[in-house]
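Got your viewer open? Let's take a short walk through this model, one selection at a time.

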Amino acid sequence: MGGEQMEEIRIFGPEHFPVLPDREEVFRWLGCGGEEPCRGAFEAQWTEAVDCLKECARPLAAALRCGESTLTVFLTLGPGPEDRMSELFRREEYVRGSLLNTLSDEMLFQMDALSGPLLAEMLRREGLWAGSRMEPGVELTLSEQRRRMPPVQRAVPFAGLSDTGVLYPTKSMMYVVRLSREPCAQGLLHDCARCAQKSCPYRKVSG
Amino acid sequence: MAEKMRLSAEESTSRQQLKAALFSGDRERVEALIRAAGADRAGAWREEILGELTGDVLAGRAPFSRLTAAAGAACAFPAENLPPAACLGSIRGNTSPTGRDYMRMLLRGRGVPFLDLGTDVPAEKFLSAVREQGVRFVICTVFSRLDFDRVRELEESAREQGLRDRFDLLISGAEMEREAGAPPLSDCGDHRAAAVAEWVVNRWRK
């Protein structure tokens with residue numbers, strides 16, 4: 001994949017990613033079933049935490065096409081959610097902070113799902129198809145991720161990759177899609193079974 | 001004898017009430033129960049209750065969110081004015097504050113005094129806290145596999161400076177498979193935040 005030139009950048013802004021949390025999914029991720037004694041504490045903070053997310057998140061997806069061979073995708077909620085979460089934890093408002101953290105994660109997963117059709121349509125107009133999705137830590141090496149970061153940073157100035165491979169802002173994800181001129185199954189969606197983060201609390205498959 | 005039994009039953013009820021208030025994240029109720037039972041007695045119950053809950057969380061019998069609610073309600077116990085026992089921060093390279101935030105919560109909920117060094121913290125800053133503030137526990141939060149190399153560098157630097165015997169080194173965050181035969185990097189041996197915090201609490205109380 002070396003030696004490619006970034007040719008086109010397309011930004012999808014907040015209008016494509018409304019804050020519409022799936023309440024039951026968020027409570028499922030938190031392990032807060034109806035019988036759980038702390039459920040009421042989390043329910044009591046729901047409205048404030050959602051409002052907080054609406055206020056501090058700046059969702060955007062940046063798609064950077066490298067010729068006709070690959071597409072780099074960077075999704076982020078911006079630095080607002082993690083800053084606000086830390087502030088809430090400093091104020092000992094752990095339930096609201098934790099709820100904001102989970103809401104942010106759920107929104108990032110929603111963005112991933114919502115951006116798939118947007119990107120597929122963008123590619124279709126150019127006569128391109130998305131082949132396989134390369135995930136960090138699996139097919140996408142850290143050196144390759146580093147190589148692709150400068151153009152991402154030109155499009156999203158607050159984004160970055162630490163030297164130990166941690167993306168920032170924290171609520172961000174990055175992947176690369178192989179492109180094809182030949183019609184193929186659109187490989188734009190995340191597949192938990194192929195993800196390197198085996199201990200992810202939101203993993204939808206076992207093993 | 002009857003009076004003793006009555007007191008014991010009352011105590012058991014109060015302890016149960018404290019447990020229910022903690023688990024439901026009811027800070028005001030916890031405050032009222034501390035006033036009624038006295039800070040020392042209620043503090044001892046808090047230790048038992050949160051210790052048991054941590055065990056349940058680690059065994060998968062209770063969700064981490066219950067520990068979150070309980071830690072928040074436990075902040076009703078006033079923080080003691082003690083020198084910091086622990087310092088915590090995300091190791092240089094880890095720019096995420098999330099693990100650090102949860103570790104703050106777990107320590108504050110148990111009354112452990114700590115220094116928060118922030119995120120993306122260089123090794124020397126942790127070691128300065130050992131040298132200058134006398135902290136006994138260094139807690140590094142990590143996110144990626146490469147963050148462990150940074151913790152390893154911290155440990156080597158501590159050895160070179162003759163500081164390694166002065167503190168326990170703990171890692172909270174991503175799981176990592178060790179090479180066969182390699183010594184564990186963390187003195188706790190478990191990278192889960194709840195396990196690390198419990199380990200610190202138990203040693204600090206001793």
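We'll start with one whole chain and then move to where it meets its partner. Keep in mind that this is a predicted model.

**Stop 1: chain B by itself.** Select chain B and show it as a cartoon. You should find eight helices and four strands. Follow the chain from the N terminus and the elements go α-α-α-α-β-α-β-α-β-α-β-α. Line up your view with the principal axes, and the C-alpha atoms fit a box of roughly 65 × 35 × 30 Å.

**Stop 2: inside and outside.** Chain B has 206 residues, and 53% of them count as buried. Now switch on the surface: the accessible area of chain B is about 9,600 Å², with 48% of that on carbon and sulfur atoms.

**Stop 3: where the chains touch.** Bring chain A back into view. How many residues of chain B are in contact with chain A? There are 30, and they touch 26 residues of chain A. Together the two chains bury about 2,300 Å², 58% of it on carbon and sulfur atoms.

**Stop 4: a salt bridge.** Four salt bridges are counted between chain B and chain A. For one of them, select A:Glu92 and B:Arg27 and show their side chains, which meet at 3.4 Å, N to O. Next, color the elements of chain B that give two or more residues to the side touching chain A: α4 (64-74), α5 (98-109) and α7 (145-160). Of these, α5(B) gives the most, with seven residues. Color that side of chain B by residue type and you get ten nonpolar, eleven polar and nine charged residues.

Notes:
Residues are numbered from 1 along each chain as its sequence is written. Chains are lettered from A and ligands numbered from 1 in the order in which they are written. This is a predicted model: local features need pLDDT of at least 70, side-chain atom pairs count only at pLDDT 80 or more; totals for chains, interfaces and linings use all residues. Side-chain values use heavy atoms; hydrogens and water are left out. Contact means heavy atoms within 4.5 Å. Buried area is the accessible area (1.4 Å probe) that two parts lose on being put together, summed over both. Ala, Val, Leu, Ile, Met, Phe, Trp, Tyr, Cys and Pro count as nonpolar, Asp, Glu, Lys and Arg as charged, and the others, Gly among them, as polar. Buried means under 20% relative accessible area, exposed over 50%, partly exposed in between (1.4 Å probe, protein chains only). Accessible areas come from the Shrake-Rupley method with a 1.4 Å probe; for residues, only the protein chains shown count as cover.
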